[in-house]
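Grab a pen and take your time with the exercises here. Try each task on your own before you read its solution.

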Amino acid sequence: MTNHDFFQHKDCEYFPCHKTGEGEFNCLFCFCPLYALGDKCGGNFRYLENGIKDCSDCLLPHKEASYDYICGKFSEIAELCRKKEK
């Protein structure tokens, strides 16, 4: 772990936003960049009856070791944003 891959905001009124059982809680990816990947994010999620992705049981972006995994998914996120020619 290096200084740029972990951040903890203990003064946040929502800290921690998820219950954790172990380890440090990483706030670096407060809003998970993998949300847009839908069922290919790799986290613990479920879809609600209305089709909304519910990540409230997912700790993937908040684990100390997840930085490299999330950064490794950036090319997939960029592909979602790429303008497609008609």
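Below are five exercises on this predicted model, each with a worked solution.

**Exercise 1: a histidine and its neighbours**

Find where H62 sits, decide whether H62 is buried or exposed, and list what H62 touches.

Step 1. Look at the loop that runs between strand 2 (53-54) and helix 1 (67-72): that's where H62 lies.

Step 2. Check the relative accessible area, which is 4% for H62. Buried means under 20%, so H62 is buried.

Step 3. Now collect the contacts, skipping residues up to four places away in sequence. You should get C17, H18, E24, F25, N26, F29 and C30.

**Exercise 2: cysteines without partners**

Work out how many disulfides the structure holds, and why C17 isn't bonded to C30.

Step 1. The count of disulfides is 0.

Step 2. For C17, the closest cysteine sulfur is the one in C30, at 6.0 Å. A disulfide needs sulfur atoms within 2.5 Å, so this pair is too far apart for a bond.

Step 3. Try C58 next: the nearest cysteine sulfur belongs to C55 and is 6.0 Å away, and C58 is in no disulfide.

Step 4. Finish with accessibility. C17 is partly exposed at 44%, while C58 is buried at 9%.

**Exercise 3: rings that pair up**

Sort the pair F29 and Y67 and the pair F31 and Y35 by the way their rings are arranged.

Step 1. Start with the total: the whole structure has 4 aromatic pairs.

Step 2. In F29 and Y67, the ring centres are 6.2 Å apart and the planes meet at 25°. Planes under 30 degrees apart count as stacked, so that's your label here.

Step 3. Ask what this pair links. F29 is in the segment before strand 1 and Y67 is in helix 1, so parts 38 residues apart in sequence get tied together. F29 is buried at 11%, and Y67 is buried at 18%.

Step 4. F31 and Y35 have 6.3 Å from centre to centre and 45° between the planes, which makes the pair tilted. F31 is exposed at 65%, whereas Y35 is partly exposed at 34%.

Step 5. Spot these two again on the surface: F31 and Y35, along with L48 and I52, make a nonpolar patch of about 390 Å². L48 is in the loop between strand 1 (46-47) and strand 2, and is partly exposed at 30%.

**Exercise 4: salt bridges**

Name three of the 4 salt bridges in the structure and say how accessible each partner is.

Step 1. Take K40 and D39, with their closest N and O atoms 3.6 Å apart. K40 is exposed at 56%, and D39 is exposed at 54%.

Step 2. Move to D54 and R46, where that distance is 3.1 Å. D54 is buried at 17%, but R46 is partly exposed at 46%.

Step 3. End with E76 and K73, at 3.4 Å. E76 is partly exposed at 33%, and K73 is buried at 14%.

**Exercise 5: an unusual bond**

Which two residues does the cis peptide bond join, and what is omega?

Step 1. Recall that most peptide bonds are trans.

Step 2. Go to F15 and P16: a cis peptide bond joins them, with omega at about -20°.

Step 3. Place the bond in the chain: P16 lies in the segment before strand 1.

Definitions and conventions
Residues are numbered from 1 along each chain as its sequence is written. This is a predicted model: local features need pLDDT of at least 70, side-chain atom pairs count only at pLDDT 80 or more; totals for chains, interfaces and linings use all residues. Side-chain values use heavy atoms; hydrogens and water are left out. Helices (H or I, at least four residues) and strands (E, at least two) are DSSP runs, numbered from the N terminus. Buried means under 20% relative accessible area, exposed over 50%, partly exposed in between (1.4 Å probe, protein chains only). Contact means heavy atoms within 4.5 Å. Patches are made of residues with over 30% relative accessible area and no salt bridge: like charges are joined within 9 Å, nonpolar side chains (Val, Leu, Ile, Met, Phe, Trp, Tyr) within 5 Å. Accessible areas come from the Shrake-Rupley method with a 1.4 Å probe; for residues, only the protein chains shown count as cover. A salt bridge is a side-chain nitrogen of Lys or Arg within 4 Å of a carboxyl oxygen of Asp or Glu. Rings of Phe, Tyr and Trp (its six-membered ring) pair if their centres lie within 6.5 Å; planes under 30 degrees apart count as stacked, over 60 as edge-to-face and the rest as tilted.
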